[in-house]
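Q: I'm new to reading protein models and would like a close look at one part of this one. Could you walk me through the packed inside, meaning the core and any hollow space in there?

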Amino acid sequence: MGDSSWLIAAITGATAVTASWTTGRLSARSARQTAELNAAEDRRGHTRQARRAAYLEFIASIHVTGNLHGNAMALFRGATHPEWRTVLAGIHKDLRGNYHDRFLPALDIVCLEGPDDVAEAATAVRPASTKVFKLVENILRGPGDPAELPASCADLWDIVEAFTDTARRALNT
């Protein structure tokens, strides 16, 4: 009977050591997987916030442009005042400044941070914005028709809306 006690004790001890070793390995694996999942979630959250900030700055720069376009269109509603060229020249200068100081840097960041479909939608805003800018410039120089401003601005806003929809979908995936 003494030998069987020793055998039972040895089996019990070996089982306890094996169970402890297995539990330790499984706990370590679980902790490692949890840490990896948390790190991946943190990266996704950081990426989402960076994209959101880039999209917001881009849209804000476009809204400044839109306000300036609205000011330009207001010059030609009703009777035209003699100082319209001076006012339009100031708007043109502000459009150029916003384009270079705010719009282009925001566009670059959107293209860097965003997925390809968002970058393409943002890049499509550029030629539409340039078209309105060139129209304002042509109105100042003489050959441009102020009656074309509303349609050009509407085209720009359609493209901006397409960007906004694309960016929203990208943020919600």
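A: Let's go through the core, then one helix that feeds it, then the hollow space, and finally a couple of spots elsewhere.

Keep in mind that this is a predicted model. The largest nonpolar core has 37 residues. Within that set, the ones touching the most other members are Tyr55, Phe58, Phe103, Val110, Val125, Leu149 and Phe163. Who supplies the core? Helices H1 (2-74), H2 (84-113), H3 (116-141) and H4 (149-171) each put in at least two residues. There's a general habit behind this sort of thing: in soluble globular proteins, nonpolar side chains tend to be buried together.

Now zoom in on Leu149, one of those well-connected core members. Setting aside residues up to four places away in sequence, Leu149 touches Ala72, Met73, Phe76, Val132, Leu135, Val136 and Ile139. Leu149 is also on the list of buried residues of H4. The rest of that list reads Ser152, Cys153, Leu156, Val160, Phe163, Thr166, Ala167, Ala170 and Leu171. Look at how those numbers are spaced, and then recall a rule about helices: an α-helix has 3.6 residues a turn, so residues three or four places apart point the same way.

Ser152 is a nice one to pause on, and it sits in helix H4. Ser152 counts as buried because its relative accessible area is 6%, and the cut-off for buried is under 20%. Its contacts, leaving out neighbours within four places in sequence, are Lys131, Val132 and Leu135. Val132 and Leu135 should ring a bell, since Leu149 touches them too.

How do the helices themselves measure up in length? H4, with 23 residues, reaches 33 Å from its first C-alpha to its last, close to the 33 Å expected at 1.5 Å a residue. For H3, the 26 residues should span 38 Å, and the end C-alpha atoms are indeed 38 Å apart, so the two values agree. Just after H3 comes Gly142, with a positive phi near 125°.

On to the hollow space. The structure holds one cavity of 30 Å³ or more, and the largest cavity takes in about 60 Å³. Its lining is made of Thr65, His69, Leu95, Asn98, Tyr99, Phe103, Ser129 and Phe133. H1, H2 and H3 are the elements that give two or more residues to this lining, and H2 has the largest share, with four. By character, the lining residues split into four nonpolar, four polar and no charged. Phe103 links this part of the story to the last one: Phe103 lines the cavity and is also among the core residues that touch the most other members.

Thr65 gives you a view from the cavity wall. Thr65 belongs to helix H1, and it is buried, because its relative accessible area of 8% is under 20%. Leaving out residues up to four places away in sequence, Thr65 touches Leu95, Asn98 and Ser129, and those three line the cavity as well.

For contrast, try two other spots in helix H1: Arg29 and Gln33. Arg29 is partly exposed at 45% relative accessibility, and Gln33 is partly exposed with a relative accessible area of 45%. Measuring C-alpha to C-alpha, Arg29 is 48 Å from Val160, while Gln33 is 50 Å from Asp155.

How values were computed. Residues are numbered from 1 along each chain as its sequence is written. This is a predicted model: local features need pLDDT of at least 70, side-chain atom pairs count only at pLDDT 80 or more; totals for chains, interfaces and linings use all residues. Side-chain values use heavy atoms; hydrogens and water are left out. A nonpolar core is a set of buried Ala, Val, Leu, Ile, Met, Phe, Trp, Tyr and Cys residues joined through side-chain atoms within 4.5 Å. Buried means under 20% relative accessible area, exposed over 50%, partly exposed in between (1.4 Å probe, protein chains only). Contact means heavy atoms within 4.5 Å. The expected span of a helix is 1.5 Å times one less than its number of residues. On a 1 Å grid over the protein atoms alone, a cavity is a set of points where a 1.4 Å probe fits but cannot get out, and a pocket is an open set with protein on both sides within 12 Å along at least five of seven lines; lining residues have an atom within 4 Å of a point. Grid points are joined across faces, edges and corners, and a volume is the space filled by probe spheres set on the points. Ala, Val, Leu, Ile, Met, Phe, Trp, Tyr, Cys and Pro count as nonpolar, Asp, Glu, Lys and Arg as charged, and the others, Gly among them, as polar.
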